Amino acid sequence: MFLNEFRIVFSSIITLILEISPYWVSGLVLGSIVSVYLSDKIASKVKVLGEGRVRIPALFGASVLGVVSPLCMYGTMPVIAAFRLKGVPQNVLVAFMISSVLLNPNLFVLGFVLGAEIAVARLVLAILCGLLAGILVSRFMKNREIFRFERFTPKDKAKRNIFRDMLRAFQITAPYLLIGVTVTALVNRYVPPDLISNLFGTRRALGVLFATSISIPLYACGGGIMPLLRAWMHAGMGAGDALAFMIAGPATKITNLAAVKMILGGKNFAIYLAYIILFAMVVGIIIETVDVLR
């Protein structure tokens, strides 16, 4: 009995890995190419955006550069610190930081596992989230110092090699992907589809609230969570629920929170959390209500 169950679950794990792998590998390759060959150009563009008179187009550009950036939050910190010390406006850096936390080229490609519409919607929302944050900082916090770098010293980035970068990305994401597909296989086998359908089947506010809430403790790695989200969507999870999960999750991931707390301080960190959670819930409810991604 046990051996038969093990074979069924193991077979499901292998099937899921084969289905996810093309997107995962493509994301690793694209992310490494951007990281090695374009990251310096992205950083320089952020600096240029902050040199002129900052308007909405500049904030939009910073948000776009954020999602294009392959750096994790700890990799983004030296960029933010160095540019702030050079006088780049805070609203530009906030727009860049938030969109960078929410998405990168690797996760964008991997998002196609959930369908092209969801992947593109996630991209648009990540840019919008950064843009809106930059606008709010311009409006309400322009005379207040947001970033704190007392305990942080920017370091020069060492010369990078694309193969080493891909290997490092593989080593970081592979364990989470394996955990994700294993959990998904177990859920598919032992959790009744009706349970998932009932949890997320209540459209609009309740389903989005639940998705946003569980993303905070569950989200560990974007690659690892995709198989589970895919299974949940097949079982009845709405597009708005999934997108709310993918906005709140990476922004509240424990490693990202530690980095954000380091450079924002207590009060601004609380504002950051409230903004991200509120944004995730509002856009999730709108998408579920308007019914544009069914």
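Here is a short walk through a surface patch and a pocket in this structure. It's a predicted model, so local features need pLDDT of at least 70 and side-chain atom pairs count only at pLDDT 80 or more, while totals for chains, interfaces and linings use all residues. Residues are numbered from 1 along each chain as its sequence is written, and side-chain values use heavy atoms, with hydrogens and water left out.

Start with helix α1, residues 2-49 (a helix is a DSSP run of H or I, at least four residues, numbered from the N terminus). F6 sits in this helix, and F10 does as well. F6 is partly exposed, at 46% relative accessible area, and F10 is too, at 44% (partly exposed lies between buried, under 20%, and exposed, over 50%, with a 1.4 Å probe and protein chains only). Both belong to a nonpolar surface patch with F2, L3, I14 and L18, together offering about 680 Å² of accessible area. Such a patch joins nonpolar side chains (Val, Leu, Ile, Met, Phe, Trp, Tyr) within 5 Å, from residues with over 30% relative accessible area and no salt bridge (Lys or Arg side-chain nitrogen within 4 Å of an Asp or Glu carboxyl oxygen). Areas come from the Shrake-Rupley method with a 1.4 Å probe. F10 also has a C-alpha separation of 8.2 Å from T182, 172 residues apart along the chain.

Now for the second largest pocket, with about 240 Å³ of space. Of its 14 lining residues, V94, V137, M141, I271 and Y272 are the closest to its centre. On a 1 Å grid over the protein atoms alone, a pocket is an open set of points where a 1.4 Å probe fits, with protein on both sides within 12 Å along at least five of seven lines; lining residues have an atom within 4 Å of a point. The volume is the space filled by probe spheres set on the points, which are joined across faces, edges and corners. Helix α12 (254-290) is among the elements supplying at least two lining residues, and α12 gives the most, with five.

Definitions and conventions:
Patch = residues over 30% accessible without salt bridge, like charges linked within 9 Å, V, L, I, M, F, W, Y side chains within 5 Å.
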